[in-house]
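Hi,

Here is the structure I said I'd pass on. Have a look at it first, and my notes follow below.

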Amino acid sequence: MKYIYTATFVPNEDDTKYYCRVPDLPGCITTGSSIDDAIEMITDAASGWLIVAEDEGNEIPAATPQHKLDIPENAACSIIRVDTLAYRAATDTRAVRKNVSLPAWMAALAEKRGVNCSQVLQDGLMQLFNVSHAR
């Protein structure tokens, strides 16, 4: 699934760290050493938050328009985009065994030609789901 949320970034007193959060995702808070780092960190945190919510069947909060958010005076805002399917593909690289049935002639031909059926299935599913291969 793809989501878009507003994240807020508040610098600490000496501008060496940014406290960032996604107001619509309770408890989705992290820090970064620069704005770029903070954007990366809060995007990862939001991805994790949303994946847990999806897996547990919890309600995913709708994004609140920025003008309706309670934003601290010294905060900067940024739109973050989260693609949980792509995040899963990049981070959950565990292999799971699945049995697939093929016609005997196809299995024999694949073996004769050295075709890795598991890889062909993975490639086909990645294309079907329109996601990139895990890094």
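Cysteine 20 is buried, because its relative accessible area is 1% and the cut-off for buried is under 20%. Bear in mind that this is a predicted model. The cysteine sulfur closest to that of cysteine 20 belongs to cysteine 28, at 8.5 Å, and that is too far for a bond. Cysteine 77 doesn't find a partner either: the closest cysteine sulfur to its own is the one in cysteine 20, 12 Å away, again too far for a bond. As for its surroundings, cysteine 77 is partly exposed, with 33% relative accessibility. In case you want the chemistry, a disulfide is a covalent bond between the sulfur atoms of two cysteines. The count of disulfides in this structure is 0.

Cysteine 20 also turns up among the contacts of threonine 30, which touches Tyr18, Tyr19, Cys20, Met41 and Ile42, leaving aside residues up to four places away in sequence. You'll find threonine 30 in strand S3, which covers residues 29-32. Threonine 30 is buried as well, with a relative accessible area of 15%.

Next, isoleucine 79, which sits in strand S4 (residues 76-83). Isoleucine 79 counts as partly exposed, at 44% relative accessibility. Leaving aside residues up to four places away in sequence, isoleucine 79 touches Ile4, Tyr5, Thr6 and Gln66. Its C-alpha atom is 11 Å from that of proline 65, and 14 residues separate the two along the chain.

Tyrosine 5, one of those contacts, brings me to the rings. The structure has 1 aromatic pair. Tyrosine 3 and tyrosine 5 make up that pair, and they are stacked, with 6.4 Å from centre to centre and 20° between the planes. Both of these tyrosines are buried.

Last, the pockets. How much space lies in the largest pocket? The figure is about 1,100 Å³. The largest pocket has 27 lining residues, and those nearest its centre are Val96, Ser118, Leu121, Gln122 and Leu125. Three helices each give at least two residues to this lining: H2 (84-91), H3 (104-112) and H4 (117-129). H4 has the largest share, with 8 residues. By type, the lining of the largest pocket splits into 17 nonpolar, 5 polar and 5 charged residues.

Shout if anything is unclear.

Cheers

How values were computed:
Residues are numbered from 1 along each chain as its sequence is written. This is a predicted model: local features need pLDDT of at least 70, side-chain atom pairs count only at pLDDT 80 or more; totals for chains, interfaces and linings use all residues. Side-chain values use heavy atoms; hydrogens and water are left out. Rings of Phe, Tyr and Trp (its six-membered ring) pair if their centres lie within 6.5 Å; planes under 30 degrees apart count as stacked, over 60 as edge-to-face and the rest as tilted. Buried means under 20% relative accessible area, exposed over 50%, partly exposed in between (1.4 Å probe, protein chains only). Helices (H or I, at least four residues) and strands (E, at least two) are DSSP runs, numbered from the N terminus. Contact means heavy atoms within 4.5 Å. A disulfide is a pair of cysteine sulfur atoms within 2.5 Å. On a 1 Å grid over the protein atoms alone, a cavity is a set of points where a 1.4 Å probe fits but cannot get out, and a pocket is an open set with protein on both sides within 12 Å along at least five of seven lines; lining residues have an atom within 4 Å of a point. Grid points are joined across faces, edges and corners, and a volume is the space filled by probe spheres set on the points. Ala, Val, Leu, Ile, Met, Phe, Trp, Tyr, Cys and Pro count as nonpolar, Asp, Glu, Lys and Arg as charged, and the others, Gly among them, as polar.
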